[in-house]
Structures are given as C-alpha cells and as structure tokens.
Amino acid sequence: MSWVVVGSGASAVHFAQTALERGERVVLVDVGREGPAPVRPEDGFEDLKRNLEDPVAHLLGERFEAVTYPGGDGEYYGFPPNKAFVFEGVDGFDVRPNGFAPLLSFARGGLAEAWTGGSFPFSRAELGGFPFAPDDLAAHYDLVAARIGITGEDDDLAPHVPVHAGLLPPLPLDEHSRRLLERYRSHRDRVRALGAALGRSRVAVLPEDRNGRSGCRLLGRCLLGCPIDSLWTPSVTLRELQGRPGFEYRPGRRVTRLDVDSARRVTGVVAAKLDGSGEETIPAERVALAAGTLASTKIFLETWRRATGEKPRLPGLMDNRQVLMPFLNWSMIGERHDPRTYQYHQIALALAEDDPTQTIHGLVTTLKTASVHPVVQGVPLDVRTALRVFRSVHAALGLVNVNFPDTRRDDCWVGLDPAAGDGESPLLVRYAPPAGEAARIRSVTSRVCRVLRELGCFVPPRMSHVRPMGASVHYAGTIPMTREERPFTATPGGASRDVAGLWFADGATFPVLPAKNLTFTLMANASRIAAA
Amino acid sequence: MRLFLTGATGFVGRAFLRRLPADRFESVTALVRDPAKRPELAGLHSGVRLIPGDLTAFPAAAREAAAAADVVLHLAATTGKARAAEHERVIVDGTRALLEAVQESRPRFVHVSTIAATYPELDHYPYGRAKRDAEALVRASGLDWAILRPTIVFGPGSPVGRSLRSLASAPVLPRFGGGHARMHPVHVDDVAEVLVRLLAADPLGGRTIDFGGRDVVTFREFLERLRTAIGRGAGPAVSIPVRPLIGTLAALERVAGDALPVAAGQFYAFAHDGVAAVDAADSLVPPQAERRGVQEIVSELATPATPDSAFPDPAPADETLAREARLFTRHLIGREPPSSVMAKYSLAHAPGRHGPGGGDHDRLVLLARRGTFATRLADAWAAVFDRGGVLRRKLVLLLAILESTGETAAAVDTPDSGGAPTFFLRAARDGIVFVATLVFAAPFVWGSRRR
C-alpha cells in the first residue's frame with residue numbers, strides 16, 4: 001500500500017513517519033522552499049555580531065527588510081531575514097481574507113520552521129469535543145514526544161497540560177525565569193487563589209545530545225533558527241525520512257487539486273510544477289492532505305469544484321486569539337541579561353475557567369537576546385532617552401502571550417471565490433470574532449495582570465497588544481471530524497465523507513480549538529490517522 | 001492635445017500622473033516649485049516638461065505654456081497649518097493668476113477643490129474659505145470649466161491618513177465632537193481616475209462634482225476600525241467638544257499666529273458632515289459601488305508605510321547622510337560611529353532598500369541636521385508629535401544597525417549600574433529633562449516650520 005502525502009509540515013512528516021513504520025510507501029509532495037544554511041553554528045547570538053563579515057546584512061537583511069520601523073503592526077519582534085523563506089508566497093495561490101490576516105507557508109517543513117517549540121497535549125476535557133477517546137491519542141503523544149524530544153516537568157501545570165511518556169528534563173532556566181518561578185513558589189497560594197498555575201513550559205528542544213541531534217548549547221539564536229537542530233522543526237524529521245526506504249520526497253510542486261473518478265474516488269494528485277514546466281499528475285489511490293488547514297481546504301474545494309461544479313462555503317474556521325502583555329520584573333531592574341540562554345518561553349501559565357474546555361493558556365517569555373530597536377521605539381520618550389531606560393530594564397522585561405480558545409461558528413468560513421472563472425479560484429477567508437470577545441479579553445487580561453503583580457511584576461498600562469486573527473497561525477475546523485454522517489466532514493479516523501481515498505491529516509478536521517498551541521496535537525493526530 | 005498642470009508633485013498630482021495613460025496628451029507641462037527635487041517627473045509620459053515657479057510668481061514661460069494648453073488641470077494649493085494670508089495668496093490669488101493667463105487662449109479648465117467648500121460656515125477655516133472663493137473665480141471665468149470636490153482623500157502618502165493613523169494609534173482614542181460627524185473617505189486612485197475622465201471630456205459643461213468613495217461612516221466608526229486594523233484593540237476613548245476647541249484655537253491664532261502646532265481649521269471635518277451627494281447621472285464619475293470603500297482604505301492605512309515607488313523620496317547626498325550618521329550616533333550612544341555603521345546607514349537610504357525615507361523635505365530632519373543639540377530637540381519633539389515620522393525612522397534604523405554591529409552592540413545594550421532605586425531616580429530625572437527639552441524645542445520647531 002502507498003500514500004501520497006501533501007505538505008511537509010509538522011502533521012505531514014509525522015503522518016509519513018507512522019505510515020512508513022507500518023511498512024507502507026510514502027510519496028511526499030511539497031513546494032518545499034528552502035532557507036539558507038545556518039552560519040557559524042558554534043557561535044552565540046552576540047558572537048555572530050563580532051565574527052560575521054557582515055552581521056548587519058545577516059540580522060537585518062541585504063535590503064534592511066528586517067528593520068522594524070515606527071508605525072508598524074504593534075508586534076514586539078519581527079522575523080529575521082533568514083526566516084523569510086518560511087512565509088514566502090507562491091504564484092497561483094491567491095487568498096482574499098476579511099477579518100483575518102492569514103500566514104501561509106510553502107517552506108520545507110512548513111510554518112513550524114518558525115515556531116517557538118511549545119508542545120502542549122490537550123487535556124481530557126479539551127479532547128472532549130473530539131469524536132474519539134482521549135486514550136486513542138495518548139499513545140501518539142508519547143510516540144511523537146519520543147521522536148522529537150520534549151522537555152518539561154510534572155508540576156502545577158499537569159492538570160491542564162497532561163504529562164506524557166518520555167518527557168525530558170527541562171533546560172536550565174534563565175535568571176529572570178528562575179526568579180519568576182521562585183516567586184511563584186513562595187506566593188503559590190495567592191496565585192492559585194486567582195485560578196492560575198505556573199510551571200515549566202513544554203518545549204520541543206533537546207537538553208542533551210540524542211539520536212544524532214545536538215543538545216541545546218544555549219546559543220541564544222532560537223529566533224534566527226537553531227543552527228544545531230536542538231529545537232525540533234519538521235525539516236529535521238523530513239531529512240531523517242529521506243534516508244528511509246519506501247519514502248520519496250518530491251519538492252517543487254504545488255498541489256492544486258486531486259483527480260477523482262465518477263464515483264468520487266481519488267485517482268491522482270495534480271500539482272503545478274514550480275519550474276514552469278506545467279502540471280504533473282501523480283497517480284494515487286490514497287491521499288493524505290497535510291498542507292495546513294487553509295491550503296488543504298483549498299485543494300479539497302478545488303477538487304470538489306472540478307467534480308461537481310459547486311463552490312460550497314465551509315464554515316467553522318478557528319484560530320486562537322492572542323494578546324501580548326509586556327511586563328517588568330522589579331527585581332531584575334539594573335541586571336544584565338545573559339545572552340547564553342534559551343531564547344523562547346521557559347514558563348507557561350494556565351488560567352482556569354469554570355468550563356475546563358475554556359482554560360486560558362499563556363506562554364511567559366523573558367527578554368534575553370533579541371532585537372532591541374522594535375522594543376525601544378515603543379517607549380513613549382525620545383529615542384535616546386528610551387534607549388537609556390531600556391538598557392536598564394532589558395533583563396527585567398518579559399511578555400506573556402495569552403491564548404484564547406475558539407469554537408466553530410457559521411460566520412467564520414472559507415470558500416472559493418464564486419466570481420472567479422474556470423481557472424484556479426482565489427480562496428475567500430472570512431472571520432468574525434465571537435460575541436463578547438472584547439469583554440472576555442478585558443476580564444482575562446485583568447486576571448493575568450493580578451497574577452503578574454503577585455509575581456512581583458508591573459504591567460505597563462495600555463501596552464498590551466491584541467494580535468489580529470490569523471497571527472497565531474493555529475488554523476483549524478473547516479472539515480471537522482464527527483461521528484455524524486454529514487457532507488464536508490471527516491470521520492473520526494480523518495477520512496473525507498465526500499471523496500473516497502482522501503484523508504485529512506492536519507488542523508482542518510479539529511472540531512474544537514483549545515487555547516493551547518495545537519502543533520503537538522496536530523502531530524499526534526496525524527500519527528493516529530496514519531496508524532488507523 | 002496639450003495639458004498644463006499645477007500641483008504635480010502633491011499627493012493627488014502624483015497619483016494622477018501615475019494613472020494618466022502615457023499617450024493621452026502630446027505634451028504635459030507642469031509648474032513645479034523646485035524641479036531639481038523631482039527629477040523622476042521628467043521620466044513620465046515621454047517627459048513631463050517642468051517649469052520652475054509658483055502661481056503667485058508666475059514666470060513668463062509658465063504663462064506661455066498655460067496659454068498654449070488645450071486643457072488645464074489646477075491642483076496646486078496650500079494645505080495644513082498655513083496662515084490665512086498664505087491660503088489667500090496661493091489658492092485665491094494663484095487661481096486668479098492662472099485664469100488670467102489663459103483668458104485669451106480659453107482652454108478647458110479643471111479645478112480641484114474640496115468638499116470643505118460646501119461647509120455651511122467657514123469662519124475659522126481659511127483654507128476652506130479660500131477654496132470656496134477660488135471656485136467662484138473659476139465659475140465666473142467664462143471658460144469651459146469643471147470643479148471636482150473630493151472628500152477626505154486617502155492613499156499611499158496621504159497626509160490626512162497619517163494624522164488619522166496617529167490618532168487611532170494613541171493610547172487614548174480622541175473623539176472630536178464625539179466622532180459623530182460623517183465622513184465619506186475616497187481613495188486617491190479613484191480621484192485620479194475621475195480626473196483622467198474629466199480631462200477627456202469636451203466640453204466640460206460647467207459642472208461641479210462632489211466626489212467620495214463607496215461608503216459613508218462616522219469618524220468614530222472609521223477610527224475604531226482603523227484602530228482594530230492596526231492591532232491596537234479596544235482602548236479607552238475621550239470625547240472632546242469640537243466647536244469650543246475650534247473657537248479656542250481660533251482665538252489663540254489671533255494672538256500667536258501660526259505658532260500653534262495645530263490650526264482651528266484642521267478640526268472642521270470633525271464638526272461638519274463631509275459627504276458627497278451621489279450623482280448617478282454623471283457619466284464621468286465611476287459608480288459608487290465600484291469605488292474603494294472603508295475596508296480597503298482602512299486596510300491600506302493599517303499597513304506600514306511603503307515607499308512610493310513612482311516617486312521615491314530622493315536619497316539625501318552622501319555627505320548629508322554621513323553627517324546624519326555621525327550626529328545621530330553621538331546622540332544615541334555618545335560616541336563616533338565606526339565606518340561600517342556609516343556605510344550601512346547610507347546604504348539603507350539607497351533605492352530599493354527598506355529605508356526610512358530621505359528627509360530633505362522633513363522639518364524635523366532638517367532641524368536635527370543642524371547639530372547634536374538640535375538633534376536632541378528634534379528627537380524629543382518627534383517622540384510626541386511625529387512618532388511615525390522620518391526622523392524617528394532614521395533613528396530607529398541607526399539603532400538597528402548599531403545593535404547589529406559587534407563594535408557598538410555593547411554600547412546599545414549594557415545596563416547602567418544600580419538597582420531599582422537608582423533606576424527610578426534616573427528615570428525621574430530623564431522624564432524631567434525630556435519634558436524640559438520638549439518645551440525648549442517648541443520655538444525651534446515652529447521657527448523651522450515658518451521657514
């Protein structure tokens with residue numbers, strides 16, 4: 001038996017790996033844009049500035065495209081130039097959003113090439129909305145954790161973030177994170193009284209050498225892309241799969257649709273070749289779409305249009321609203337940050353709600369090595385004074401990325417543009433926030449403020465940034481898994497109810513979206529589908 | 001057909017020239033105050049002929065070119081905070097001079113006015129008054145004329161767009177007049193399209209066209225949508241009674257002239273509805289449904305400013321950029337920049353780079369170039385009144401280069417010694433110095449504006 005898998009992101013590589021391990025053959029079709037090779041992998045972030053011939057071009061780009069100017073989008077950091085390939089578009093893939101700012105990736109490894117490694121299994125309550133037993137997924141959480149390596153601890157977060165097998169010991173804490181956790185332990189009762197729990201973040205990074213990958217050497221270069229693959233990204237697994245028998249990787253192809261016969265059974269995958277040599281049809285009896293929710297949905301809709309002439313709207317698009325809340329830790333003022341530390345979140349936060357499916361999830365990132373200029377310009381002073389103030393508070397600054405859950409609603413949908421002609425149609429994406437969202441954001445951010453105050457921190461008023469929908473890149477819900485026999489849905493095993501021989505192995509089938517980063521669950525679910 | 005054009009280098013003029021089909025006119029002649037600063041105009045439409053001068057000092061060459069034209073497009077005007085006498089001189093006297101120059105040759109005459117000319121009172125709005133009076137001159141000219149009155153015009157480089165974006169980005173959203181006044185935002189490309197159509201119409205037939213975009217909204221809704229699009233999220237808002245504000249500013253203007261940072265007239269749009277009547281019968285105007293609406297305009301405004309590719313702000317001379325790099329580095333980190341920093345700073349200003357803008361026309365950049373102390377004054381002023389402006393963009397660019405360069409990175413990011421108490425004492429001192437610098441900067445900034 002063989003599979004054609006579309007995409008090379010987190011879902012795709014774990015679907016492929018499980019299928020291979022079950023003795024099946026896999027052809028993985030992908031656009032597969034590649035980034036530059038890592039430079040000076042032995043250097044830390046500050047070393048790069050001294051040792052590179054042209055550090056400005058490396059950090060800001062040849063065209064200075066990574067300079068963040070005033071009047072931008074309110075984000076606290078931009079992506080460095082060497083990550084630009086992750087978000088680079090591709091001809092012919094036209095998305096027209098409304099109320100949504102979609103990020104798409106055609107990179108080898110997909111969007112998770114630029115992720116922060118957060119790997120949080122859904123709780124049993126959160127999996128209650130899925131049409132299969134939580135235990136069905138548990139074994140695949142364990143399997144994926146064993147493959148990629150996830151650090152963390154069995155701590156106060158465990159009721160919200162279940163402990164799976166193979167959890168690796170966490171990395172050493174940076175000083176700021178250490179003080180936050182220490183303060184949490186001494187003020188634990190007061191923080192718990194607010195319904196909050198803190199603990200070590202779960203991160204897909206290796207604390208020591210393992211399976212040919214290097215352990216984290218605290219280079220402080222996570223945002224630039226870990227040069228030694230300690231921080232797992234899908235391209236790490238893809239490279240490993242390329243050496244396995246039964247696996248074939250075909251990059252340079254953008255899948256536009258599937259060919260189906262009169263019984264609506266898949267017969268092939270149609271891809272536009274990026275070298276301009278036209279279309280290629282790859283014969284296939286079983287296809288797993290794992291190109292990401294929006295891309296997979298577009299491929300399905302284009303297939304459906306060709307087969308039926310219809311352009312249905314698929315409701316239920318979900319994404320996590322995120323609010324970025326900067327804070328200042330009084331005890332760290334005047335301290336010097338340690339540039340040789342893990343750069344991303346080392347602490348996570350859970351904020352309980354009456355309904356356990358609605359638990360709020362936060363990632364606490366302390367500011368270590370980072371671009372200074374995007375932060376300095378936000379200080380309401382002249383640049384010179386703002387820089388002086390910033391220098392003294394750099395090590396005291398942190399950011400909580402507060403994630404909100406989402407549910408499927410009819411007024412959030414994707415569909416092909418009905419006005420388009422016979423060619424490939426643009427994908428329309430519409431998103432409307434749920435009723436009462438603004439009040440909930442106010443209520444939650446107020447609670448997070450109280451938690452931070454208990455931790456000895458100050459939250460500057462009016463500095464919180466509500467990110468636009470689409471920014472979290474946790475898209476899901478367009479073709480939900482359900483036990484009900486309905487069109488445009490998938491079975492609990494991820495099989496399409498509309499096209500025989502088609503499975504969905506990415507977020508498109510998630511029936512609910514808890515507040516956590518969904519990537520770990522995407523990987524586990526893709527593996528579950530491949531195993532089934 | 002020959003076109004004579006005023007206001008070619010302005011916001012609408014540039015959009016018009018971009019949209020004008022290259023073969024529409026056998027010649028295009030533009031009256032430009034300083035052609036040397038706009039060399040790119042010569043590259044358009046087989047060469048736009050540039051004649052230096054302005055309307056109130058109408059050179060003989062310009063008179064001849066205007067008299068030789070088959071059609072005149074009159075866009076030039078003062079904007080913003082100019083004094084009443086300046087509005088009168090440029091808009092009314094300038095229009096009169098242009099009309100006199102073509103009285104014999106009698107070309108078709110397209111005059112671009114403003115929806116503000118329709119406001120029921122213009123007592124404290126000299127710009128609106130001057131536009132209204134200039135319209136009267138055009139109507140009485142005996143020429144074949146058309147008057148276009150756009151509403152508030154948005155698009156890349158829109159001055160009003162930048163102001164409204166600043167308002168929408170503020171920690172507290174100001175609602176002048178409660179934000180109840182209705183606005184009818186129009187995109188500059190739609191205005192340019194109507195101008196192209198008008199110039200093709202013969203005869204013009206003495207028509208006045210009020211022209212807005214697809215949607216009518218209140219200022220409150222527009223600013224809230226813009227705020228959301230920028231990603232600021234809901235925040236507190238404060239209502240500011242607009243008529244008392246206009247009255248107060250008008251009284252202060254009588255005493256302080258144009259020394260105030262804002263003018264009473266700039267708030268008229270918040271006190272009066274600026275909505276264009278729909279004239280479906282006018283075949284020269286694209287149907288309302290086909291024009292850009294609030295959604296497109298807000299989305300574009302929310303996107304960080306991108307350079308105008310057809311009319312890039314020219315890069316300053318190399319020696320000017322070298323002086324900026326030295327002055328600004330001393331200002332930020334108190335030392336001379338290494339040569340690599342100076343080279344990178346200059347390179348970022350070159351065409352095709354994601355640069356900060358040239359700044360040769362920016363009063364704060366011009367002030368900052370005078371010396372270290374002036375840089376300090378201009379930086380403080382920009383922190384409050386021009387946070388997205390060219391000067392701050394230049395300083396942020398330099399900061400990005402300094403922090404990325406091995407030799408200077410430590411100077412950017414090494415904390416001063418001392419814990420929280422020392423920090424707060426320093427912060428208090430810095431805050432006082434900042435406010436004092438701001439106050440001290442005012443006369444220098446206002447002085448530079450008058451020049």
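**Entry 1: the parallel sheet of chain B**

I began with a pair of residues and found that Val71(B) stands opposite Arg108(B) in strand 5 of chain B. I kept in mind from the outset that this is a predicted model. Looking along the two strands concerned, I found 4 bridges joining strand 4 (residues 71-74) of chain B to strand 5 (residues 108-112) of chain B, and these strands run parallel. I then followed the pairing outward and noted an open sheet of 7 strands in chain B, in the order 3-2-1-4-5-6-11, with parallel pairing. At its edges I found strand 3 (49-52) and strand 11 of chain B, each with a single partner strand, so that one side of each is left without a neighbour in the sheet. From one strand to the next, the twist averages 15 degrees.

**Entry 2: a sheet in chain A**

Next I looked up a sheet in chain A, where 3 strands form an open sheet in the order 8-9-10 with antiparallel pairing. Here the edges are held by strand 8 (253-260) and strand 10 (279-283) of chain A, and since each has a single partner strand, one side of each is left without a neighbour in the sheet. Neighbouring strands of this sheet are turned against each other by 30 degrees on average, if direction is ignored. Between strand 8 and strand 9 (residues 266-273) of chain A, which run antiparallel, I noted 7 bridges. One detail I wrote down is that Val260(A) has Val266(A), in strand 9 of chain A, as its bridge partner.

**Entry 3: one helix of chain B and what covers it**

Which residues of helix 10 of chain B are buried? In this helix, which spans residues 294-302, I found Val294(B), Ile297(B), Val298(B), Leu301(B) and Ala302(B) to be buried. Seen down the axis of helix 10 of chain B, these buried residues fall within an arc of 130 degrees, and therefore they line one face of the helix. Among the elements that cover them I listed strand 7 (153-154), helix 5 (159-169), strand 10 (186-187), strand 12 (217-218) and helix 7 (219-230) of chain B.

Strand 10 of chain B led me to Val186(B), which is found in that strand. I recorded Val186(B) as buried because it has 26 C-beta neighbours inside 10 Å, where 20 or more are required. Leaving aside neighbours within four places in sequence, I found Val186(B) in contact with residues including Pro150(B), Val153(B), Phe211(B), Gly213(B) and Arg291(B). Gly213(B) lies 27 residues away from Val186(B) along the chain, yet their C-alpha atoms are separated by 4.0 Å.

**Entry 4: the nonpolar cores**

I turned to the largest nonpolar core, which has 137 residues, and noted that Val5(A), Val6(A), Phe15(A) and Leu289(A) touch the most other members. Helix 12 (residues 519-531) of chain A gives the most to this core, with 7 residues. I checked Leu289(A) separately and found, not counting residues up to four places away in sequence, that it touches Val6(A), Ile299(A), Phe300(A), Leu502(A) and Phe504(A), among others. A second, separate core of 91 residues includes Phe109(B), Phe176(B), Leu223(B) and Leu284(B).

**Entry 5: backbone exceptions**

Most residues other than glycine have a negative phi, and most peptide bonds are trans. Where, then, does Phe64(A) sit? I located Phe64(A) in the loop between helix 3 and strand 3 (95-98) of chain A, and its phi is near 65 degrees, a positive value in a residue other than glycine. Phe64(A) is buried, with 23 other C-beta atoms within 10 Å.

Val473(A) likewise has a positive phi, near 60 degrees, and its place is in the loop between strand 21 and strand 22 (502-504) of chain A. I noted Val473(A) as buried, with 24 other C-beta atoms within 10 Å. In chain B, I found a cis peptide bond joining Asp202(B) and Pro203(B), with omega about 5 degrees. Pro203(B) is in the loop between helix 6 (188-200) and strand 11 (207-211) of chain B.

**Entry 6: where the chains meet**

Last, I looked at the contact between the chains, where 44 residues of chain A are in contact with 51 residues of chain B. The elements giving two or more residues to the chain A side are helix 2 (45-51), helix 3 (55-60), helix 9 (373-376), helix 10 (383-393) and strand 21 (465-466) of chain A. Helix 10 of chain A gives the most to this side, with 8 residues. I divided the residues of the side of chain A that touches chain B into 20 nonpolar, 11 polar and 13 charged.

Terms used. Residues numbered from 1 in each chain as written. Chains lettered and ligands numbered in written order. Predicted model: local features only at pLDDT ≥ 70, side-chain atom pairs only at ≥ 80, totals over all residues. Contact = placed C-beta atoms within 7 Å. Nonpolar A, V, L, I, M, F, W, Y, C, P; charged D, E, K, R; others polar. Pairing = 2+ DSSP bridges. Axes fitted to C-alpha atoms, helices over the stretch in contact; angles between N-to-C directions. Buried ≥ 20, exposed ≤ 12 C-beta atoms within 10 Å, placed from the backbone. Arc of directions from axis to C-beta. Core = buried A, V, L, I, M, F, W, Y, C linked by C-beta atoms within 7 Å.
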